[in-house]
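Visitor: I should like to learn how to read a structural model, one feature after another. May we look at the structure together?

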Amino acid sequence: MKLWLDTANIDEIREINAWGVLAGVTTNPTLAGKEGVPFEQRLKEIAAEVDGPVCGEVISTERDGMIAEGLKLAEIAPNIVVKAPVTSEGYAAVTELAKRGIKTNMTLCFSPAQAILAAEAGATYISPFLGRVDDIGNDGIDLLNEIVEIYRVQGYTTYVLAASLRSPQHVVDSAKAGADVATLPHSVFKALVKHPLTDIGLKRFLDDWEAYQRALA
Ligand code: E4P
């Protein structure tokens with residue numbers, strides 16, 4: 001399962017990219033709005049920084065507007081993926097963008113039926129929003145499991161991108177479910193590293209090494 005960052009913040013992207021495990025980035029209008037710089041400019045910076053797909057979302061809600069915006073976004077860099085919502089207009093736009101060879105990510109997916117439509121439209125990625133499903137008292141991982149199973153049975157080639165992840169457990173459960181990609185906020189990416197026994201173990205190794213060196217001196 002590839003690990004992507006869900007942010008439009010270039011410092012967060014540079015920090016995680018330095019670990020060598022970052023395979024892509026998702027942004028959305030909310031995340032872009034936190035940055036205070038023109039969106040196209042930021043997407044260009046991110047696309048140059050990351051060796052992998054970088055998703056930019058369209059704002060139009062009708063087919064032709066989405067296509068026009070998508071084509072413009074795709075011109076920014078070869079690794080740009082156009083994000084569009086799982087609406088009827090979104091499916092129409094993604095069908096056309098796919099025909100033109102543009103990579104797409106269908107976002108705001110909350111049902112297996114929407115995921116089937118995305119695959120039939122030729123979307124490159126489908127993004128079920130696990131955390132937001134949990135927020136309303138349902139189980140996001142159940143949704144992910146259903147989509148992965150349907151795609152397997154049907155032989156769909158659209159990649160399943162687990163989104164709206166809120167914790168390391170979400171990441172582990174997404175990997176177990178067979179998601180192709182998980183996109184994580186910076187805080188969750190950082191939390192993946194942490195284990196108290198690692199910190200305690202490392203401290204003990206370093207202390208023991210120091211004692212050993214002192215004994216030799
Ligand atoms: C994914 O592409 C979305 O940007 C994101 O995962 C949404 O997450 P949220 O529900 O935490 O806003």
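Visitor: Let us begin with E96. Leaving out residues up to four places away in sequence, which residues does E96 touch?

Guide: This is a predicted model. Once residues up to four places away in sequence are set aside, E96 touches R63 and I67. E96 belongs to helix α5, which covers residues 88-99.

Visitor: Is E96 buried or exposed?

Guide: The general idea is a cut-off: a residue is called buried when its relative accessible area is under 20%. E96 is buried because its relative accessible area is 18%. The side chain of E96 also makes a polar contact, at 2.8 Å, with the side chain of R100.

Visitor: How should one read the spacing of residues along a helix?

Guide: An α-helix has 3.6 residues a turn, so residues three or four places apart point the same way.

Visitor: Which residues of helix α6 are buried?

Guide: In α6, residues 112-121, the buried residues are P112, A115, A118, A119 and A121. The elements that cover them include α5, β5 (104-109), β6 (125-128) and α8 (140-154). After α6 comes G122, with a positive phi near 90°.

Visitor: What is one to make of a positive phi in general?

Guide: Most residues other than glycine have a negative phi, and most peptide bonds are trans. A positive value in a residue that is not glycine is therefore worth noting when one reads a backbone.

Visitor: What is the phi of L108, and where is L108 found?

Guide: L108 is not a glycine, and its phi is positive, near 65°. It is found in strand β5. L108 counts as partly exposed because its relative accessible area is 33%.

Visitor: Strand β5 also holds N105. How accessible is N105, and which residues is N105 in contact with?

Guide: N105 counts as buried because its relative accessibility is 0%. Apart from neighbours within four places in sequence, N105 is in contact with T26, C55, V81, V82, K83, A84, Y125, I126, S127 and L161.

Visitor: K83 is in that list. Which residues surround the ligand?

Guide: Around the ligand are D6, T26, N28, K83, F129, R132, A163, S164 and R166. To read such a site, one looks for polar atom pairs. An oxygen atom of the ligand lies 2.8 Å from an N or O atom in the side chain of D6. K83 has a polar side-chain atom 2.6 Å from an oxygen atom of the ligand, and R132 likewise has a polar side-chain atom 2.6 Å from a ligand oxygen.

Visitor: How much of the ligand does the protein bury?

Guide: The ligand taken alone exposes 350 Å², and the protein buries 86% of that. The space that the ligand takes is the largest pocket.

Visitor: S164 is among the residues around the ligand. Where does S164 lie, and what is its phi?

Guide: S164 lies in the loop between β7 (159-162) and α9 (168-177). Its phi is positive, about 55°, although S164 is not a glycine. S164 is buried, since its relative accessible area is 10%.

Visitor: How does one recognise residues far apart in sequence but brought together in space?

Guide: One sets the separation along the chain beside the distance between C-alpha atoms. A179 and K2 are 177 residues apart along the chain, and their C-alpha atoms are separated by 8.7 Å. K2 and A23 are 21 residues apart in sequence, with 6.0 Å between their C-alpha atoms.

Visitor: Where are A179 and K2 placed, and which residues are they in contact with?

Guide: A179 is found in the loop between α9 and β8 (181-184). A179 is buried because its relative accessible area is 7%. Leaving aside neighbours within four places in sequence, A179 is in contact with M1, L144, V148, V160, A162 and S174. K2 is placed in strand β1, residues 2-6, and under that same exclusion K2 is in contact with A23, D180, V181 and A182.

Visitor: How many helices and strands does the protein have, and what percentage of its residues count as buried?

Guide: The protein has 11 helices and 8 strands, and 46% of its 217 residues count as buried. Among contacts between residues at least 6 apart in sequence, 57% join residues at least 24 apart.

Technical notes
Residues numbered from 1 in each chain as written. Predicted model: local features only at pLDDT ≥ 70, side-chain atom pairs only at ≥ 80, totals over all residues. Heavy atoms only, no water. Helix = DSSP H or I, 4+ residues; strand = E, 2+ residues; numbered from the N terminus. Buried < 20%, exposed > 50% of the residue type's maximum accessible area, 1.4 Å probe, protein only. Polar contact = N/O pair within 3.5 Å; in protein donor to acceptor, adjacent residues only side chain to side chain. Contact = heavy atoms within 4.5 Å. Near = heavy atom within 4 Å. Areas by Shrake-Rupley, 256 points an atom, 1.4 Å probe, with all protein chains shown as cover. 1 Å grid on protein atoms, 1.4 Å probe; cavity = no way out; pocket = protein on both sides within 12 Å on 5 of 7 lines; lining within 4 Å. Sits in = over half its atoms within 2 Å of the grid points.
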